[in-house]
Protein chains: 2
Amino acid sequence: MMSTSDSLILHMMSEMNIPKNNCPRIIIIGGGFAGISLAKKLSKKEVQVVLIDKNNYHTFQPLLYQVSTGGLEPDSIAYPIRKVLKDYPNFYFRLANVEQIVADKKKLITNIGVIEYDYLVLATGSETNFFGNKEIEKNGMVMKSIPESLNLRSLILENFEQALLTDDLHQRDALMNFVIVGGGPTGVELAGALAEIKKGILPKDYPDLDTRRAQINLIQSGDRILKEMSKKASEKAEEFLEDLGVQIWKNTRVKSYDGKFVRTATELSFEAATLVWAAGVKGAAIKGLDADDILTKGSRIRVNEFNQVLGHDTIFAIGDIAEMASEAYPFGHPMMAQPAMQQGRNLGDNLVLLLAKKPLKPFKYKDKGSMATVGRNKAVVDLENFKFQGVFAWFVWMFVHLFFLIGFRNRMVVFVNWVYNYIRFDREARLIIRPYKRDYSNFK
Amino acid sequence: MMSTSDSLILHMMSEMNIPKNNCPRIIIIGGGFAGISLAKKLSKKEVQVVLIDKNNYHTFQPLLYQVSTGGLEPDSIAYPIRKVLKDYPNFYFRLANVEQIVADKKKLITNIGVIEYDYLVLATGSETNFFGNKEIEKNGMVMKSIPESLNLRSLILENFEQALLTDDLHQRDALMNFVIVGGGPTGVELAGALAEIKKGILPKDYPDLDTRRAQINLIQSGDRILKEMSKKASEKAEEFLEDLGVQIWKNTRVKSYDGKFVRTATELSFEAATLVWAAGVKGAAIKGLDADDILTKGSRIRVNEFNQVLGHDTIFAIGDIAEMASEAYPFGHPMMAQPAMQQGRNLGDNLVLLLAKKPLKPFKYKDKGSMATVGRNKAVVDLENFKFQGVFAWFVWMFVHLFFLIGFRNRMVVFVNWVYNYIRFDREARLIIRPYKRDYSNFK
């Protein structure tokens, strides 16, 4: 409920510069898979749509790890949101941060002004969950956005440049030690890509370093990696990673990282200049819609089968931020592209039904399977009736990712890069465009 | 002339971690066109080569303006220097800033340690010349490196996002006003690209702005643009630009820019959120080799016909930083890729001759012509006996630029982008990956 200060803020801030017309105004916060799918569905309907995002582009998150490891340029996995919307009449895009939702006034407070909605859709996605560990948040690297992925790319390369500067082999080893926390798809794919860099690129790029000493440690709290996939997929992925020289630590929980020493609950210790935290995400909630009865433990917003936020008839949540508990998915759907896109499309239909005062269509998730890649010719795919691993799985993985990328140009550029990288065992985007400038004073 | 403090610094700093062997050590500072051409020439010679650059990549500078205008991704015009050197025995690369040359000790002071050379080659290129105007340096944008070009890309896009936020048409116009200072190839190519964005992209991306009001002003101090090229080329380029809607101001010298008002010596005033300074470059000189008798007015280093620095037998300079005065080129060669590459190759031969105590080969510049592009199907080319403009010139321009790009992957990716952009009248890299975060408080 609104406090006096909220009321004051609303009063003082200027209105966002968007004309109101006769159509109901639907505001979508977030241009990820969920938000874009919804926008497309609404493109020709009798509604005004305002899409707000903090970036002017859509990010194809599944390939961020390839940006980090120099396999792809960032621009080829990003797509201008304005271009998606360009042929839609009555669509507005605003580059803005939404700071607060004032539900009882049906208004949003953003950094560029206040705006009123008739219907609000949260498609804000997820953010890294450090589970309250401030030290890891400060010293660890993450990979949830393009700038973060580019920071990691720079750091990986800077570590090797730094390793050249010391005579102390012990420090060199620490600089070339990569600890990845989290055995989900992100951790697994990053570990595999780093292992391939170690094998194919480092010996040529750094002839004056013994890069065989570089280590990739993948730490998983549970008893298997890729725990959302089949047992067979987990086993095969572990085998692939071990073949590539990745050390996997299962049933191991990371406790702390001070920028040099990674310590685990099981009293293990790794001396490493890099810790990548891929061990958890949580919903990217927004102030004003973050009461305890609305948010789940993972900061997701509880929604009913129509993606409606409980207690708010005109507010919806879709994608990672939404938790729709059901018998099959008691903790909501997996935080991945597929449920997000399907919810976006379903909500598009439902908003039209709602405006026509017709009964809504409950969301039904169609699980199309899941997949992860470990490296060259090495991937695992779980479909409903068919689970397979290896070369064919790898081609399927590539085809599916190319297919879901937005934009013909992006597909072409990614394809060219992949063919080149495959033939040449190479990754040419090993560029430190913006140095990460880590403090290396403890590694000398 | 080493001072006591230099001596102290040398004594205190650690040596760079590169083993000395029996071969003479040649240090090349800079991995641009000149440095890379020289390195390639020395690849199989009996020398140790240490290449130092402040980036781990070579930049293909002629295409920076396409990065700024969203036509190309930065990674496709950069190439990892380590990859260039990977098959060369006895080559070392170091990512470092050279802070000082201590010629009488034959040493370099860098941010990662001190290193001794037998021969030193400066290939440091050029940097933006503000001619002492601190205000323009602070408020203007430049385009000499990839990060700078990406900053400009972000700013261009942020300006339009900002224009949406104001109701004041006067401020909107100022936000959509681009002033480019300098009618050389950089200014001309940027102006043309912006004009094409205005025509092809802005109306679709910003339907709620009257983007016809966007202005591109190109300001040139002399009486024609592209003054290094033929009269015909200048005339045609002006015609092309005017067709595209660029306003050209000749015989006009910019005096000041306070972040809002551009003022000229002729009492003109432009209200603009963006000023791009492309009006001059100077040699990127290094402390210790910057005495008045060594540097020219444009901060270039005076060299003899063997690219030897006057008074320093073992120090050479090539490319933009070198000024080799001759009858045909009393102020040195043009600061462009061609002379840089040719000097690099010639010096490669000369260093081998020098070590064999044979007479050196004087440098002879073979002018292969020059060219600039204004936009789609619009370019100007001056060859020695053949000057032409228009569609064919544009194809020649593209072919030549693709040819000189380093790396097959880069060529392919650039080619894909160009074909796509040509067919679709589009530029999809209109992404604000790292916001420039300009202060817009004066534009509200």
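**Exercise 1. Strand pairing around E9(A)**

Determine which strands pair with E9(A), and in what sense, in this predicted model.

*Solution.*
Step 1. Start with strand E1 of chain A, residues 25–29. Four bridges join E1 to E9(A), and the two run parallel.
Step 2. Fix the register on this side. A:Ile28 stands opposite A:Val121 of E9(A).
Step 3. Turn to strand E20 of chain A, residues 315–317. Three bridges link E20 to E9(A), again in the parallel sense.
Step 4. Fix the register here too. A:Leu122 of E9(A) faces A:Ala317 as its opposite residue in E20(A).
Result: E9(A) pairs in parallel with E1 and with E20.

**Exercise 2. The faces of E9(A)**

Decide whether the faces of strand E9 of chain A, residues 119–122, are covered or open.

*Solution.*
Step 1. Take one side. A:Tyr119 and A:Val121 point there, and both are buried.
Step 2. Take the other side. A:Leu120 and A:Leu122 are buried as well.
Result: both faces of E9(A) are covered.

**Exercise 3. Helix H2(B) and its packing**

Find how many residues of helix H2 of chain B, residues 33–41, are buried, and what they pack against.

*Solution.*
Step 1. Count. Seven of the nine residues are buried, so the helix is mostly covered.
Step 2. Name them. They are B:Phe33, B:Ala34, B:Gly35, B:Ile36, B:Ser37, B:Leu38 and B:Ala39.
Step 3. List the partners in chain B. The strands are E1 (25–29), E2 (48–53), E3 (57–59) and E9 (119–122). The helices are H4 and H11 (337–355).
Result: the buried residues of H2(B) pack against both strands and helices.

**Exercise 4. The contact between the chains**

Describe the side of chain B that touches chain A, by elements and by residue class.

*Solution.*
Step 1. Size the contact. 40 residues of chain B are in contact with 40 residues of chain A.
Step 2. Collect the elements of chain B that give two or more residues. They are strands E4 (78–80) and E5 (91–95), with helices H4 (81–85), H6 (146–163), H9 (202–205) and H13 (408–424).
Step 3. Pick the top contributor. H13(B) gives the most, with six residues.
Step 4. Sort by class. This side has 20 nonpolar, six polar and 14 charged residues.

**Exercise 5. The symmetry**

Identify the operation that superposes chain B on chain A, and the residue of chain B whose C-alpha is nearest the axis.

*Solution.*
Step 1. Read the operation. A rotation of 180 degrees, with 0.0 Å of shift along the axis, gives an RMSD of 0.0 Å.
Step 2. Classify. This is therefore the relation of a two-fold axis.
Step 3. Locate the axis. In chain B the nearest C-alpha belongs to B:Val413, at 3.0 Å.
Step 4. Compare the surfaces. 100% of the contact residues of chain B recur in chain A, and the same surface serves both copies.

Notes:
Residues are numbered from 1 along each chain as its sequence is written. Chains are lettered from A and ligands numbered from 1 in the order in which they are written. This is a predicted model: local features need pLDDT of at least 70, side-chain atom pairs count only at pLDDT 80 or more; totals for chains, interfaces and linings use all residues. A residue is buried if 20 or more other C-beta atoms lie within 10 Å of its own, exposed if 12 or fewer, and partly exposed in between; C-beta atoms are placed from the backbone. Two strands pair if DSSP finds at least two bridges between them. Two residues are in contact if their C-beta atoms, placed from the backbone, lie within 7 Å. Ala, Val, Leu, Ile, Met, Phe, Trp, Tyr, Cys and Pro count as nonpolar, Asp, Glu, Lys and Arg as charged, and the others, Gly among them, as polar. Copies are superposed by least squares on the C-alpha atoms of residues with pLDDT of at least 70 in both.
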